[in-house]
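Trainee: I should like to request a close look at a single part of this model, namely the place where its two chains meet. Please take me through that part in one connected account.

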2 protein chains.
Amino acid sequence: MKNKQWQLAKRPFGEATSDTWLYAETDVPELKDGELLIKIQYISLDPAMRGWLNDAKSYIEPVQIGAVMRAGTVGKVVASKNENFAEGDYVCGHQGVQEYAVTDGKMLHKVDPKLAPLSYYLGVLGMPGMTGYFGLLKTGEPKAGETIVVSGAAGAVGGLVGQIAKIKGCRVVGIAGGAAKCQFLINELGFDAAIDYKSQNVKKALKDACPKGVDVYFDNVGGDILDAVLTQINMKARIVICGAISQYNNTTPVKGPSNYLSLLVNRAKMEGIVVFDNIAEYPIAMKDIAGWIHSGEIKVKDHVVVGIEKFPDTLMMLFKGENLGKLVLKVGDE
Amino acid sequence: MKNKQWQLAKRPFGEATSDTWLYAETDVPELKDGELLIKIQYISLDPAMRGWLNDAKSYIEPVQIGAVMRAGTVGKVVASKNENFAEGDYVCGHQGVQEYAVTDGKMLHKVDPKLAPLSYYLGVLGMPGMTGYFGLLKTGEPKAGETIVVSGAAGAVGGLVGQIAKIKGCRVVGIAGGAAKCQFLINELGFDAAIDYKSQNVKKALKDACPKGVDVYFDNVGGDILDAVLTQINMKARIVICGAISQYNNTTPVKGPSNYLSLLVNRAKMEGIVVFDNIAEYPIAMKDIAGWIHSGEIKVKDHVVVGIEKFPDTLMMLFKGENLGKLVLKVGDE
């Protein structure tokens with residue numbers, strides 16, 4: 001039996017290009033005692049993956065040259081010599097960009113395809129969901145009546161952040177690229193306002209959309225948009241630094257926020273988050289989010305691309321802003 | 001009776017220059033009921049004064065063109081038609097860069113020259129003292145055994161921050177310009193280490209001076225030094241944004257911290273402070289600081305320049321890094 005996989009061939013300088021990746025067909029190894037074989041069905045594509053390609057100290061080890069590219073996955077157990085998993089179980093983990101994975105099961109958890117579509121376990125019930133939930137509620141600490149702004153608002157994390165903030169009674173303004181995304185935020189997700197950074201002056205649009213100023217800013221993008229929001233923050237504002245997708249493919253130094261002294265004038269704070277710190281509380285978040293999906297308060301949008309061979313181009317959609325909702329790669333037909 | 005005063009003639013672009021200021025000799029007005037006349041003895045010179053010259057929204061109104069330059073002052077009541085103040089009282093307030101001031105006394109408080117030298121009420125027992133005390137303890141939250149780094153360490157705020165952190169059981173590293181200041185930090189103030197940013201590679205020197213990383217960074221300077229410290233912070237580090245003296249005379253945009261994504265990797269926060277938020281608690285801080293001075297745990301260094309006519313050049317000493325300790329202008333002989 002052959003396995004299809006994408007390996008890291010070369011660390012990119014700037015954007016990942018065709019020579020970043022190596023497509024390989026390898027043999028699926030025989031199972032040893034304690035191992036199981038997973039047929040992966042969905043692969044998660046996330047902005048954070050770009051950071052994992054850099055040979056730099058970060059919150060997680062870089063992917064090694066020659067290794068299968070790291071990615072969150074959900075799939076089905078097709079063979080097992082591990083007493084904790086049986087054939088037919090569905091499992092979620094970080095099995096990487098490949099069709100089959102052999103693992104000892106230590107970093108896996110079972111998921112139930114009857115409770116939610118499998119792809120949700122990579123999105124709203126997975127890492128992006130946990131990121132948005134804990135980043136907003138624990139670090140942003142939104143209060144009813146406050147104004148929250150979220151960038152990358154049509155993405156997996158941003159869309160959830162805005163919807164949770166609505167549930168908490170906030171005025172919610174999303175920043176995204178293009179009219180279609182902005183309409184989606186307002187018409188589908190129930191945001192109060194949306195700013196199209198590609199066609200609008202973000203600072204001016206923020207003034208209009210946030211007449212009472214900005215209390216919480218959940219930042220997925222960094223760069224000029226972070227600087228624009230810094231000009232509009234209120235006293236004691238909280239800025240959640242979740243990511244900086246505008247800067248991940250830089251070949252020049254990251255653009256630091258020139259307006260950071262607004263933190264001083266406004267006694268505001270800017271705080272970084274990493275989702276893994278909240279592992280012990282994931283069950284609480286999953287229960288809340290599942291409940292909101294069930295009640296219709298949270299709508300889920302997945303952007304599915306079919307075919308593992310499309311991985312390199314599909315990953316780039318994130319950085320080009322071409323995905324609407326959570327981007328996943330569907331491996332095969334099943 | 002004539003008053004000597006420095007008025008704001010023109011908003012500076014970049015550094016304040018000779019045409020920024022107008023020296024005037026004006027008549028001291030007659031006292032009306034409820035007013036008192038103060039003969040100012042010491043004028044406080046602080047980096048924040050540069051910000052007050054800009055016509056921009058900030059935590060305090062800009063100084064108006066033609067007005068006496070705002071400054072903290074301490075002086076003696078020489079005439080009073082106000083029942084709360086008597087001739088001979090010593091008073092502290094913001095009476096500006098002038099020899100005499102007439103006021104209704106609403107924003108004044110009395111000080112006791114027997115408890116501390118008068119100039120201390122502008123420094124360690126005044127605004128810089130309160131800034132360092134609350135900024136470090138409430139926002140930096142240092143714990144015994146942690147490493148704290150402070151920039152502008154030989155200045156009024158920085159010197160106090162480092163000494164309080166020593167009292168709290170921290171390893172304290174100061175960043176200052178020049179060998180004399182660095183020796184002062186170690187030999188006089190008891191810092192564990194000092195980094196001379198003018199002659200050393202700050203990032204490399206931080207690695208050596210902070211073998212366990214940086215838990216709290218109290219930033220008075222911004223710019224490249226903030227960026228260097230960001231590369232050395234620990235998990236859950238706290239960065240207190242007190243000022244950015246390296247950026248105040250910029251004619252180009254403020255340099256934002258390129259390494260701010262270290263906040264994300266390290267789940268760290270950067271928070272701005274303004275001293276006035278703690279007014280209700282000033283008495284607690286003054287009691288603590290006075291106690292530490294009395295016990296010898298805190299040493300006070302004032303840098304006194306005599307002669308109100310020297311105001312423009314003396315203010316520039318702050319931005320050139322020429323002061324060692326709290327910079328004050330002594331008005332006259334008394």
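Mentor: The account below begins with the extent of the interface, proceeds to its contacts and elements, and ends with the wider setting.

The model is a predicted one, and its local features are reported under confidence limits. On the side of chain B, 29 residues are in contact with 29 residues of chain A. The size of an interface is often given as the accessible area lost when the parts come together. Here the area buried between chain B and chain A is about 2600 Å², and carbon and sulfur atoms account for 63% of that area. Three residues, B:Tyr260, B:Leu264 and B:Arg267, provide 26% of what chain B buries against chain A, more than any other three residues.

One of these residues, B:Arg267, also takes part in a charged pair. Side chains of opposite charge can pair when their charged atoms come close. B:Arg267 forms a salt bridge with A:Asp277, with 2.7 Å between the closest N and O atoms. Across the interface of chain B and chain A the rule finds two salt bridges, and it also finds seven residue pairs in polar contact, both residues being at pLDDT 80 or more.

As to which elements are involved, helix H6 (223-230), helix H7 (262-265) and strand S13 (269-272) of chain B each give two or more residues to the side that touches chain A. The largest share, four residues, comes from S13(B). By residue class, the side of chain B that touches chain A divides into 16 nonpolar, seven polar and six charged residues.

Strand S13(B) deserves particular attention. It pairs with strand S13 (residues 269-272) of chain A in the antiparallel sense, over three bridges. In this pairing, A:Lys269 stands opposite B:Glu271.

For the wider setting, chain A has nine helices and 15 strands. Its radius of gyration is 20 Å, close to the 20 Å that the globule rule gives for 334 residues, so chain A is as compact as a globular protein of that length. The C-alpha atoms of chain A fill a box of roughly 60 × 45 × 35 Å along the principal axes.

Over all chains, the structure holds 26 salt bridges. One of them joins the side chains of A:Arg238 and A:Glu146, at 2.6 Å from N to O. This pair links distant parts of the chain, 92 residues apart: A:Arg238 lies in strand S12 (residues 233-241) of chain A, and A:Glu146 in the loop between helix H2 (127-140) and strand S8 (147-151).

Notes
Residues numbered from 1 in each chain as written. Chains lettered and ligands numbered in written order. Predicted model: local features only at pLDDT ≥ 70, side-chain atom pairs only at ≥ 80, totals over all residues. Heavy atoms only, no water. Contact = heavy atoms within 4.5 Å. Buried area = accessible area lost by both parts, 1.4 Å probe. Salt bridge = Lys/Arg side-chain N within 4 Å of Asp/Glu carboxyl O. Polar contact = N/O pair within 3.5 Å; in protein donor to acceptor, adjacent residues only side chain to side chain. Nonpolar A, V, L, I, M, F, W, Y, C, P; charged D, E, K, R; others polar. Pairing = 2+ DSSP bridges. Rg over C-alpha atoms; globule rule 2.2 N^0.38 Å.
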